[in-house]
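Here's a quick tour of a protein model, with a look at its pockets, its rings and a backbone oddity. Have the structure open while you read.

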Amino acid sequence: MSRIGKKPVSVPSGVTATVEGQLVKVKGAKGELSFRVPDDVTVKLEDGAISVAPVNETKKARSLWGMARSQVNNLVEGVTKGFEKKLEINGVGYRAAMSGKVLKLSLGFSHDIDYPVPEGVTIATPKPTEIVVSGINKQQVGQVAAEIRAFRGPEPYKGKGVKYADEFIFRKEGKKK
């Protein structure tokens, strides 16, 4: 049984939610998002809350139940507060800078990396060693942050590379004589 799926998603004031069949649309101050709920799950909008329930008691329906509720909750949270991921850059000469719609990364390669910022996501560089990825779509914000981190992930010996701000890098000891 899904414990997350049982809890209805409350729609705060200032947010309009509509349910048309399997499509959930949410509109708020920051923008508009939609999500198509799988056919194994039913979704209803009743008295200011969106509730999700499985169609039948199959294993697939029960596994999609909690996921669908989380996706709908992310829609509501995205249009009210938005999402943000912080990245840190460690290493001598490693830095990031925004120039127009392109993120320029110097990560110790023979060339700079130009990362074009996708639509719906904003990237800020408050410091040359800090990147803040923000937007209303949680999946898109996480994907962009993961793509930036993948250019040079953190290594375990000196900790150089791009890492999430809340990530812990398990450090290894070097060679011994």
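Before we get to the pocket, a word on classes: Ala, Val, Leu, Ile, Met, Phe, Trp, Tyr, Cys and Pro count as nonpolar, Asp, Glu, Lys and Arg as charged, and the others, Gly among them, as polar. Keep in mind, too, that this is a predicted model.

So what does the lining of the largest pocket look like by class? It has four nonpolar, five polar and one charged residues. The residues in question are Leu 33, Ser 34, Phe 35, Gln 71, Asn 74, Leu 75, Ile 136, Asn 137, Lys 138 and Gln 139. Strand S4 (32-36), helix H2 (59-80) and helix H3 are the elements that give two or more residues to that lining. The space inside comes to about 170 Å³.

Next, the rings. There is one aromatic pair in the structure, made by Tyr 115 and Phe 151. The geometry is edge-to-face, with 5.9 Å centre to centre and 75° between the planes; planes over 60 degrees apart get that label. Tyr 115 belongs to strand S10 (residues 113-116) and Phe 151 to helix H3 (residues 138-151), so the pair links distant parts of the chain, 36 residues apart. How do the partners sit relative to the surface? Tyr 115 counts as buried because its relative accessibility is 7%, while Phe 151 is partly exposed, at a relative accessible area of 29%.

Two other rings have a charged side chain over them:

| Charged residue | Ring | Distance to ring centre |
|---|---|---|
| Lys 85 | Tyr 164 | 5.1 Å |
| Arg 152 | Phe 109 | 4.2 Å |

On the annotation side, an unreviewed UniProt entry lists "domain: Large ribosomal subunit protein uL6 alpha-beta" for residues 11-82 and 91-164. In the model, the span 11-82 is 31% helix and 38% strand, and its end C-alpha atoms lie 15 Å apart. For residues 91-164 the figures are 19% helix and 38% strand, with 14 Å between the end C-alpha atoms.

Finally, the backbone oddity. Most residues other than glycine have a negative phi. Asp 47 is not a glycine, yet its phi is positive, at about 35°. Where is Asp 47 placed? It lies in the loop between strand S5 (41-46) and strand S6 (49-54). Asp 47 counts as exposed because its relative accessibility is 79%, and the cut-off for that label is over 50%.

Note on methods. Residues are numbered from 1 along each chain as its sequence is written. This is a predicted model: local features need pLDDT of at least 70, side-chain atom pairs count only at pLDDT 80 or more; totals for chains, interfaces and linings use all residues. Side-chain values use heavy atoms; hydrogens and water are left out. Rings of Phe, Tyr and Trp (its six-membered ring) pair if their centres lie within 6.5 Å; planes under 30 degrees apart count as stacked, over 60 as edge-to-face and the rest as tilted. Helices (H or I, at least four residues) and strands (E, at least two) are DSSP runs, numbered from the N terminus. Buried means under 20% relative accessible area, exposed over 50%, partly exposed in between (1.4 Å probe, protein chains only). A charge sits over a ring if NZ of Lys or CZ of Arg is within 6 Å of the ring centre and within 35 degrees of the ring normal. UniProt positions are given in the numbering used here, feature names are shortened, and annotations may be inferred rather than shown by experiment. On a 1 Å grid over the protein atoms alone, a cavity is a set of points where a 1.4 Å probe fits but cannot get out, and a pocket is an open set with protein on both sides within 12 Å along at least five of seven lines; lining residues have an atom within 4 Å of a point. Grid points are joined across faces, edges and corners, and a volume is the space filled by probe spheres set on the points.
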